[in-house]
Amino acid sequence: MASTDPVVAVVGSYNVGLTMQVPAFPTPGETVVGRGFAEGPGGKGSNQAIAAARLGAESRFVGRVGADRYGDDAVALWEREGVDADAVTRDGAAHTGVGFVVVDEDGENEITVAPGANDRLSAAAVRDEAPAIETADTLLVQLEIGDEPVRAAVETAAEADTTVVCNPAPARELPSEVLERVDYLTPNEHEARTLAGGGDGSAGAGGEGGGGGEGESEITDEAVARELLDLGVGTVVLTRGDAGALLVSGDGVERVAAPSVDAVDTTGAGDAFNGALAVALAEGLDDRAAVRFGCGAGALAVTASEVIPGLPERGAVDDLLAEPW
């Protein structure tokens, strides 16, 4: 009997996460003594695929890892979590991606990434796995892989009428041909300004500074989201941390609250949110309900240390959704 679970295809990255707890982030040239260290799986693509699987979806991952022990660990992880990784390539010429995460005493984080095999995921490799995308209800893609595989993924999904969710992280310039095929763009406040800011109105004109500089604080989140709509995106879901999310489309603006929780580690909040949003959309929930589902999953994720342990199971999210916020 065929599965009736929602199907989410994720095209993206896998990285090993090396996490250190510190009392405060170092300034340039400063050495800070850490209070703890952990090594574990990460990468936005893999994290979001696992998030989707834990929330009840048939989750498929398209990516690339090295033929090293970290790659072995990745394959074992996906098998344990119920993620279909048949479309993942093992690369003997590159190391598995590595991410370095520093978390301060308030639970905020700073992250750097050495992409390794992720940088060798090609457009051709993504197109070779087209059936995994074409038969999914939702495609979820991020920007820890190159422009060409991102383009191949969204084009493949758009041609098959698969709903496209793009989490533009880490934010960078995106061509209009990609943005015009994105049904739901899910930036945070910084990423939204990076994509939309700039005098010429082009995507990414804000550059690394995220549209920063004098006067940025005067630009409202709603205005930034509307600029992204003008670039061709169908709907913008602008995430705002513990303030929830802003849902902006041609139909108007809605503010979706997040539940109040005690944050321990915010590293996996975005991945939990995006995985949950993709699942909710695949299940056919309306936009507001899907964003609320994402906010619930994101809130639960920050109550535990490290990303994978923090990604919630479906029952926990459903229980939270049953409560008033």
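## Exercises on a predicted model

Asn-274 has its place in helix H9, where helices (H or I, at least four residues) and strands (E, at least two) are DSSP runs numbered from the N terminus. The model is a predicted one, in which local features need pLDDT of at least 70 and side-chain atom pairs count only at pLDDT 80 or more, while totals for chains, interfaces and linings use all residues. Residues are numbered from 1 along each chain as its sequence is written, and side-chain values use heavy atoms, with hydrogens and water left out.

**Exercise 1.** Determine whether Asn-274 is buried or exposed, and find which residues it touches.

*Solution.* Begin with accessibility: buried means under 20% relative accessible area, exposed over 50%, and partly exposed in between (1.4 Å probe, protein chains only). Asn-274 has 2% relative accessibility and therefore counts as buried. Next, take contact to mean heavy atoms within 4.5 Å; when residues up to four places away in sequence are not counted, Asn-274 touches Gln-48, Leu-140, Val-165, Asn-167 and Thr-186. With Leu-140, the C-alpha atoms are 7.9 Å apart although the two residues are separated by 134 residues along the chain. Finally, a polar atom of the Asn-274 side chain lies 2.7 Å from the backbone oxygen of Gly-270.

**Exercise 2.** Describe the surroundings of Gln-142 and identify what its side chain reaches.

*Solution.* Gln-142 is found in strand E8 (residues 138–142), and because its relative accessible area is 0%, it is buried. A polar contact (a pair of N or O atoms within 3.5 Å; within protein, one must be able to donate a hydrogen and the other to accept it, and residues adjacent in sequence count only if both atoms are side-chain atoms) of 3.0 Å joins the side chains of Gln-142 and Gln-48. The side chain of Gln-142 also reaches the backbone nitrogen of Gly-45, at 3.5 Å. Beyond four places in sequence, the residues touched by Gln-142 include Val-10, Gly-12, Lys-44, Val-150 and Ala-169.

**Exercise 3.** Work out the strand order of the two open sheets.

*Solution.* Two strands pair if DSSP finds at least two bridges between them. One open sheet has four strands in the order E3-E2-E6-E7, with mixed pairing. Its edge strands, each pairing on one side only, are E3 (36–42) and E7 (109–114). Inside this sheet, E2 (residues 15–21) and E6 (residues 97–103) run parallel and are joined by seven bridges, with Val-16 standing opposite Val-98 in E6.

The other open sheet is formed by nine strands in the order E5-E4-E1-E8-E9-E10-E11-E12-E13, and its pairing is also mixed. Here the edge strands are E5 (84–91) and E13. E4 (residues 58–66) runs parallel to E5 and is joined to it by six bridges; the bridge partner of Arg-60 in E5 is Asp-84.

**Exercise 4.** Compare how helices H7 and H10 are covered.

*Solution.* Start with H7 (residues 189–196): six of its eight residues are buried, so H7 is largely enclosed by the rest of the structure. Among the elements covering these buried residues are strand E9 (163–167), strand E10 (184–185) and helix H8 (221–230). At the N-terminal end, Asn-188 caps H7, a side-chain oxygen lying 3.1 Å from the backbone nitrogen of His-190.

Turn then to H10 (residues 287–301), which has 15 residues and reaches 21 Å from its first C-alpha to its last, close to the 21 Å expected at 1.5 Å a residue; the expected span is 1.5 Å times one less than the number of residues. H10 is mostly covered, with 11 of its 15 residues buried, including Val-291, Phe-293, Cys-295 and Leu-300. Its cover includes H9, helix H11 (307–310) and helix H12 (314–321). At the start of H10, a side-chain oxygen of Asp-286 comes to within 3.2 Å of the backbone nitrogen of Arg-288.

**Exercise 5.** Locate the largest nonpolar core and find which helix gives the most to it.

*Solution.* A nonpolar core is a set of buried Ala, Val, Leu, Ile, Met, Phe, Trp, Tyr and Cys residues joined through side-chain atoms within 4.5 Å. The largest has 50 residues, and those with the most contacts inside it are Val-8, Trp-78 and Val-291. Helix H9 (residues 269–282) gives the most to this core, with nine residues. Apart from it lies another core of 40 residues, among them Ala-87, Ala-125, Leu-185 and Ala-192.
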